[in-house]
Amino acid sequence: MSFEHTRTTPSADDNAALLSEVAAEVARCQACVLYKHALKPVPGDGDPNAAILFIGEAPGRYENQQGKPFVGAAGQFLEDLLRSIGLRRDQVFIANVVKHWPPGNRDPLPEEIATCGGFLDRQIEIINPQVIVTLGRFSMAKFFPGERISRIHGVARRHRNRMVLPLYHPAAALHQANLRRTIEEDFKRIPAALAEAEKLATPAAPIKPPEPAQTPEPPPQQLSLF
Ligand code: URA
């Protein structure tokens, strides 16, 4: 029996095709009212095989116009943060909890988050990232319900077979100088979370069968002289 790690990595093409299917379904989705106000669906984009998946809240006004996540001021800041750890946005995947713009940039409602959740679940399953970075309290709540972001931000935790790092939302950090410094510091924890996740994926050392118990040699028979 081999103890070798047998996980096969799907090709980027396979993942891209599967993610396109999800995006096409998002575009057709009328399961909640958000599609009525939206100009473009914003399913998410980036590397289909990314090791790191960022999950924001919902598209804002500019994302609604362009059909791409994080293209406004918060997106510019997110790109700066990525650069600070040597990454570009095309090396990660960026998605949101909710895929259509909530009118007036309002918070997504619990039923909208629940209705849209299946799309995000499928994206996570397809990309199978080693690290998920949640941006803001809505995506944090998916993994750590009942937690407070002020308490758990910046500390990666194991969630099933990956690490999840909850961070403040970049938009919040843009408006509060102290949060800006916090998110900049928290962002630097991403490489360590990735290293930790890689350890989770490393197969355990093969379990050696125990050595057979040594039966002590019988003492040599003393030949009787008589
Ligand atoms: N804020 C988000 O949470 N997502 C976006 O795509 C843009 C801003």
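Leu-19 lies in helix α1, which spans residues 12–28, and in this predicted model the residue counts as buried because its relative accessibility is 10%, under the 20% limit. The briefing starts from that residue and then takes up the chain, its nonpolar core, the cysteines, the ligand and a site in helix α6.

**Leu-19 and its surroundings**

- Once residues up to four places away in sequence are set aside, Leu-19 of helix α1 touches Pro-48, Phe-93, Gln-123, Ile-126 and Ile-127.
- Leu-19 and Phe-119 are 100 residues apart along the chain, and their C-alpha atoms are separated by 9.6 Å.

**The chain as a whole**

- The chain has 10 helices and six strands, and 41% of its 226 residues count as buried.
- If one considers the contacts in the chain between residues at least 6 apart in sequence, 74% of them join residues at least 24 apart.
- The area exposed by the chain is about 13,300 Å², of which carbon and sulfur atoms supply 54%.

**The largest nonpolar core**

- In soluble globular proteins, nonpolar side chains tend to be buried together.
- In this model the largest nonpolar core has 53 residues, and the residues with the most contacts inside this core are Ile-52, Phe-54, Val-133 and Phe-187.
- Helix α5, which covers residues 110–127, contributes six residues to this core, and that is the largest share.
- Phe-187, when its neighbours within four places in sequence are left aside, is in contact with Phe-54, Leu-78, Leu-81, Leu-82, Ile-85 and Leu-167; of the residues in that list, Phe-54 is also named among those with the most contacts inside the core.

**Cysteines**

- The count of disulfides comes to zero, where a disulfide would require two cysteine sulfur atoms within 2.5 Å.
- For Cys-32, the closest cysteine sulfur is that of Cys-29, and because the separation is 6.3 Å, the two sulfurs are too far from each other for a bond.
- Cys-116 is likewise in no disulfide, and the nearest cysteine sulfur to this residue, again that of Cys-29, is 6.3 Å away.
- Cys-32 counts as partly exposed because its relative accessibility is 22%, whereas Cys-116, with a relative accessible area of 10%, is buried.

**The ligand and its contacts**

- The residues around the ligand are Gly-56, Glu-57, Ala-58, Glu-63, Pro-69, Phe-70, Asn-96 and His-169.
- On the backbone side, a polar backbone atom of Glu-57 is 2.7 Å from an oxygen atom of the ligand, and a polar backbone atom of Phe-70 is 3.0 Å from an oxygen atom of the ligand.
- Through its side chain, Asn-96 places an N or O atom 2.8 Å from a nitrogen atom of the ligand.
- Taken alone, the ligand exposes 230 Å², and 91% of that area is buried by the protein.

**Ala-141 in helix α6**

- Ala-141 is found in helix α6, which runs over residues 137–143, and this residue counts as partly exposed because its relative accessibility is 35%, which falls between the limits of 20% and 50%.
- From C-alpha to C-alpha, Ala-141 and Pro-166 are 9.4 Å apart in space, while in sequence the two residues are 25 residues apart.

Methods: Residues numbered from 1 in each chain as written. Predicted model: local features only at pLDDT ≥ 70, side-chain atom pairs only at ≥ 80, totals over all residues. Heavy atoms only, no water. Core = buried A, V, L, I, M, F, W, Y, C linked by side-chain atoms within 4.5 Å. Buried < 20%, exposed > 50% of the residue type's maximum accessible area, 1.4 Å probe, protein only. Helix = DSSP H or I, 4+ residues; strand = E, 2+ residues; numbered from the N terminus. Contact = heavy atoms within 4.5 Å. Near = heavy atom within 4 Å. Polar contact = N/O pair within 3.5 Å; in protein donor to acceptor, adjacent residues only side chain to side chain. Areas by Shrake-Rupley, 256 points an atom, 1.4 Å probe, with all protein chains shown as cover.
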